[in-house]
Each structure stands twice: as structure tokens, then as C-alpha cells.
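Please look over the chain shown here and follow how its helices are arranged. The account below moves from the packing of one helix pair to a single residue and then to an annotated region.

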Amino acid sequence: MDVVEADRLRDDLAEFASDVFASLTRAGWQDRAATYLQGLMIDGRRKSIQPMAARLQGVHEQALNH
């Protein structure tokens with residue numbers, strides 16, 4: 001899946017992430033979890049934090065790591 005396809009699924013992914021990560025109560029954690037899921041879904045050989053942060057627009061590596 002490329003970034004464009006993942007962007008089209010952003011609303012569905014946000015709804016799914018809000019259900020799955022409802023127990024994450026700190027500010028921004030649910031958003032970061034949804035971004036992490038998007039990073040796992042898009043094309044890329046490595047699924048570690050640093051390469052995923054480089055592929056995602058506007059994502060800070062350290063925030064994604066938390």
C-alpha cells in the first residue's frame with residue numbers, strides 16, 4: 001500500500017484506532033498510535049521507527065517512538 005492509498009483510508013483508520021486504543025488516555029497517544037499503524041501499512045522494506053518516520057509526512061521520529 002502506498003502513501004496515497006493510506007491517506008484515503010485515514011478516516012477509517014482513525015475510527016479503528018480510537019476503538020482499539022481507547023485505553024490510551026494521555027494527550028496525543030491515540031493519534032500517535034494511528035500514525036504508527038499507518039506507517040506499518042504503507043510500503044517499505046523496514047518497519048522500524050526511523051524508516052517509518054522518514055516515509056510519513058510531518059511525523060517526528062521521537063513522537064512516533066513513544
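In this predicted model, helices α2 and α3 are oblique to each other, because their axes cross at roughly 125°, an angle that falls outside the range of 65 to 115 degrees counted as roughly perpendicular and is not over 145, the bound for roughly antiparallel. Helix α2 covers residues 10-20 and helix α3 covers residues 29-41, and the two axes come within 9 Å. The crossing of α2 and α3 is right-handed. On the α2 side, the residues that make the contact are R10, L13, F16, A17 and S18, while α3 contributes Q30, A34, L37, Q38 and M41. Taken by class, this contact between α2 and α3 consists of six nonpolar residues, three polar ones and one charged residue.

Helix α3 also holds D31, a residue that counts as exposed because its relative accessible area is 56%, where the cut-off for exposed is over 50%. Between D31 and S18 there are 8.4 Å in space, taken from C-alpha to C-alpha, and the two residues lie 13 apart in sequence. S18 is itself one of the α2 residues in the contact with α3.

Turning to the annotation, an unreviewed UniProt entry lists residues 20-66 under "domain: Transposase IS701-like DDE". Over residues 20-66 the model is 55% helix and 0% strand, and the C-alpha atoms at the two ends of this stretch are 17 Å apart.

Notes:
Residues are numbered from 1 along each chain as its sequence is written. This is a predicted model: local features need pLDDT of at least 70, side-chain atom pairs count only at pLDDT 80 or more; totals for chains, interfaces and linings use all residues. Side-chain values use heavy atoms; hydrogens and water are left out. UniProt positions are given in the numbering used here, feature names are shortened, and annotations may be inferred rather than shown by experiment. Helices (H or I, at least four residues) and strands (E, at least two) are DSSP runs, numbered from the N terminus. Axes are lines fitted to C-alpha atoms, for helices over the stretch in contact, and angles run from 0 to 180 degrees between N-to-C directions. Angles under 35 degrees count as roughly parallel, over 145 as roughly antiparallel, 65 to 115 as roughly perpendicular and the rest as oblique. A crossing is left-handed if the near helix is turned anticlockwise from the far one by less than a right angle, and right-handed if clockwise. Contact means heavy atoms within 4.5 Å. Ala, Val, Leu, Ile, Met, Phe, Trp, Tyr, Cys and Pro count as nonpolar, Asp, Glu, Lys and Arg as charged, and the others, Gly among them, as polar. Buried means under 20% relative accessible area, exposed over 50%, partly exposed in between (1.4 Å probe, protein chains only).
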